[in-house]
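Please look over the sequence and the structure below before reading on, and keep them in view while you work through the points. This briefing is about the nonpolar cores and the salt bridges.

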Amino acid sequence: MLAGISLGAAAVAAAVLAGGGAQDPHGYRMRTDARFAPPGALVPSAAVTYDQGLVPAAAWIEVTQRMGLGGATTVGLRTKGLRPGHTYGAHVHQKPCAADPAAAGGHYQHEPSADPHHVTADNEVWLDFTADDHGSGTARAHHSWGFRRGEASSVVVHEEPGSKGARVACFTVPFGWVAGTA
C-alpha cells in the first residue's frame, strides 16, 4: 500500500492526474482501498474516521469506478470492520478529505443546484448500505452521466442514510472524469 492507495490504483491515480485515466477498450476503470485512521494519526491514511464508534480505526474501505466510453459511470463501495447492523449513508463529495469533516465540501451533483429538490439519488451518487453481522457492507450506484474534471474527490460516510446525518468518515478517491469537461 502507498498512502492508502493500492499500487495498481496508484498507477491509475497518476494517469488520472496526468489527464489520461486508465483506459481499456470499454472505457475507464479505477480501484482504490485504505484502512481508516483518525485525523492526525502517526501513519496518515487517505481514509479518515471522525467517529470511531461507527467507523473504527483500521476498518477498511474500497471504492471502484467504471466509466464507459459514452460517460456512463458505476461507482462501487465495499467496507469491513464497521458497526454491525448500522445503516450508513455514503455519497461522492466535491473535495478531498481533511481533519475537518466539512473540508470535503458538498455532494457532487450532475446538475449543480442549491435547490433541495436536486438532492436526489438521480442527481448525486448515493451509496447507502447496512453493515452486516460482521461489519461488512456494499453498495453500487450507476448513472448515465460521468464526473466533471476536478469536481469529484472523495466518498463521505454519513451516520444516516439519504441526504442527512453527520459525517463519520471520509475517503479521498482519484475519480476519473468525462473527457472535455473543465
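What follows describes a predicted model, taking the nonpolar cores before the salt bridges.

**The largest nonpolar core**

- The largest nonpolar core is made up of 35 residues, and those with the most contacts inside it are Val55, Val63, Tyr88, Phe147 and Phe175.
- Several strands each supply at least two residues of this core, namely S2 (27-37), S4 (60-68), S5 (73-80), S6 (87-93), S8 (137-143), S9 (154-158) and S10 (167-172).
- Strand S2 gives the most to this core, its share being four residues.

**Valine 63 and its contacts**

- If the neighbours within four places in sequence are left aside, valine 63 is in contact with Met30, Arg31, Thr32, Val75, Gly76, Leu77, Val155, Phe171, Val173 and Phe175.
- Two of the names in this list deserve a second look: Phe175 also belongs with the residues that have the most contacts inside the largest core, while Arg31 also takes part in a network of salt bridges.

**A second core**

- Separate from the largest core there is a second one of five residues, and among them are Val48, Cys97, Ala104 and Cys170.

**Salt bridges around glutamate 62**

- The model has four salt bridges by the rule used here.
- One of them joins arginine 31 to glutamate 62, with the closest N and O atoms 2.7 Å apart.
- Because arginine 31 lies in strand S2 and glutamate 62 in strand S4, this pair ties together parts that are 31 residues apart in sequence.
- Arginine 78 also forms a salt bridge with glutamate 62, at 2.8 Å from N to O.
- Here arginine 78 lies in strand S5 and glutamate 62 in strand S4, so the pair ties together parts that are 16 residues apart in sequence.
- These partners can be described by their accessibility as well: glutamate 62 counts as buried because its relative accessibility is 8%, which falls under the cut-off of 20%.
- Arginine 31, at 35% relative accessibility, counts as partly exposed, and arginine 78, at 38%, counts as partly exposed too.
- Taken together, Arg31, Asp33, Glu62 and Arg78 are linked in a network of salt bridges.

**The salt bridge of arginine 148**

- The side chain of arginine 148 meets that of glutamate 151 in a salt bridge, with an N to O distance of 2.8 Å.
- Glutamate 151 counts as partly exposed, since its relative accessibility is 31%.

How values were computed
Residues are numbered from 1 along each chain as its sequence is written. This is a predicted model: local features need pLDDT of at least 70, side-chain atom pairs count only at pLDDT 80 or more; totals for chains, interfaces and linings use all residues. Side-chain values use heavy atoms; hydrogens and water are left out. A nonpolar core is a set of buried Ala, Val, Leu, Ile, Met, Phe, Trp, Tyr and Cys residues joined through side-chain atoms within 4.5 Å. Buried means under 20% relative accessible area, exposed over 50%, partly exposed in between (1.4 Å probe, protein chains only). Contact means heavy atoms within 4.5 Å.
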